Amino acid sequence: HDSGHGYYSDIVTSMSSNDWTIADATAGSLPPTPLSSLVLLSEGQVGGIVLTGYNDAFVEDSFYMSHMDSTDRVSIDLDAIAKAATIVARTALATAYGNTNDGSAINAITELTSDDGTLNKLASCLFENGNCNLLRNYASMERANDKVENGIDLGIGQSLGNPPNYYTNVYDFRNGQPGVQVDGRIYGGYNGDKAYGENSEDKFLIRPNMLAMSLHGLLNDFLGRSAAMDSSKSSSNLQKCQSISDCSSVQYCSATGDKAVCTGSKLCVCSRSHYHIALDEAIIPSPNNGTGVFIVSKDDAGVSPMYTEPYWSNDIGVQVFRAATGAANWTLGIGIFVAIGCVAATITFKKHLHKEKLY
């Protein structure tokens, strides 16, 4: 699905191989994704592509983000996920090269397979148990690193749960909103009379949820190793660590101006990931209030939708509805039967009270 520019489409379709074919979709519109909003707001000046596993509609009997969207009812195709990951990685590298016909991206990035150990661990965490050891180990290390750097133990944010639950929550300090601590109080935004920094405890703080903390550590781990890897692509020369303090003397990061951090794999790597606040640019924290309180920025030009969900075009051809199985009909029937029984019992009891002259 291409937004109309064609450049990215040419790149991604060139990533076809003997095992898969990437073709232009027949749909006339983009699927419901954040790219739709970006194209709309830029009036088509910014383009992009969406890689999907379907052509012009969602798969039949799709229960996306519902209570029925679980591995108990929907089988996860790790082969498709591995291929999609390979395609996206190669496309990103080829785009950076700026040459749609350059085969360097294919040669540089080997194909990910469905039996990859890390892929299977992540799939288990994201689809079956959001409290898995992999995510918890990386989140615990991020927590320890933050404690050393900020002097405050903010703990680990909300986990996905078991089974994973991807529904959002109120955006406040407990759910990932950054805050500024001034004179012992945390604000979403601050421009008060007391100057920031007068108190030694004044600082900027953030406690993302467990998934965000884990991904932050994972990205640092996998992307940050390259700074110390030799020509043999070995990571054996990375310094081992138990906390970020063990990485303070690491030379392979400071030589390039990077900061060394300790990851869940207990290795010192160069910091490569950063948190990004997924909040509309027109919405800002209300000054001198706690987190979770927002106002519209006075500098907003009026082009922002002030809406964080994807833009759903009415010509996509997708119907969204709440799916229910036969169990719901049984629940409704039992409820009606119980309601009728209660009404009948009430009438009978009232007649009995009248007969006994108690009503």
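Buried means under 20% relative accessible area, exposed means over 50%, and partly exposed lies in between. Keep these cut-offs at hand for the tour. The model on screen is predicted.

**Stop 1: R174 and D172**

Select R174 and D172 and show their side chains. The two meet in a salt bridge, with N to O at 3.2 Å. How do the partners differ in exposure, buried or exposed? R174 has a relative accessible area of 57% and is therefore exposed. D172 has 9%, so D172 is buried. This pair belongs to a set of 6 salt bridges found in a search of the whole structure.

**Stop 2: the sheet β2-β1-β3**

Move on to strand β1, residues 179–182, and add β2 (185–187) and β3 (203–205) to the selection. Together they make an open sheet of 3 strands in the order β2-β1-β3, paired antiparallel. Which strands form the edges? They are β2 and β3, each of which pairs on one side only. Direction ignored, neighbouring strands of this sheet are turned against each other by 35° on average.

As background, strands of a sheet pair through backbone hydrogen bonds, in either a parallel or an antiparallel way. Here, β1 is joined to β2 by 3 bridges, and the two run antiparallel. On that side, look for Q181, which stands opposite I186 in β2. β1 also pairs with β3 over 3 bridges, again in the antiparallel sense. There, G179 faces L205 of β3 across the pairing.

Now follow the chain from β1 into β2. The two strands form a hairpin with 2 residues between them. Select D183 in the turn: its phi is positive, at about 55°.

Before leaving, view β1 along its length. In a regular strand the side chains alternate between the two faces of the sheet. In β1, G179 and Q181 point one way, while V180 and V182 point the other way. All of these residues are buried.

**Stop 3: E198 and K194**

Next, select E198 and K194. A salt bridge joins them, and their closest N and O atoms are 3.2 Å apart. E198 counts as exposed because its relative accessibility is 56%. K194, with a relative accessible area of 30%, is partly exposed.

**Stop 4: Y252**

Go to Y252 in helix α8. Is Y252 buried or exposed? Its relative accessibility is 19%, so Y252 counts as buried. Show the side chain together with the backbone of Q239 and C268. The Y252 side chain reaches the backbone nitrogen of Q239 at 3.1 Å. It also reaches the backbone oxygen of C268, at 2.6 Å. Then add V269, 17 residues away from Y252 along the chain. The C-alpha atoms of Y252 and V269 are separated by 8.7 Å.

**Stop 5: D258 and R272**

Finish with D258 and R272. Their side chains meet in a salt bridge, N to O at 3.1 Å. Which parts of the chain does the pair link? D258 sits in the loop between α8 (251–254) and β4 (260–262), and R272 in the loop between β5 (268–270) and β6 (283–285). The two residues are 14 apart, and the pair links distant parts of the chain. D258 is partly exposed, with a relative accessible area of 25%. R272 is partly exposed too, at 32%.

Note on methods: Residues numbered from 1 in each chain as written. Predicted model: local features only at pLDDT ≥ 70, side-chain atom pairs only at ≥ 80, totals over all residues. Heavy atoms only, no water. Salt bridge = Lys/Arg side-chain N within 4 Å of Asp/Glu carboxyl O. Buried < 20%, exposed > 50% of the residue type's maximum accessible area, 1.4 Å probe, protein only. Helix = DSSP H or I, 4+ residues; strand = E, 2+ residues; numbered from the N terminus. Pairing = 2+ DSSP bridges. Axes fitted to C-alpha atoms, helices over the stretch in contact; angles between N-to-C directions. Polar contact = N/O pair within 3.5 Å; in protein donor to acceptor, adjacent residues only side chain to side chain.
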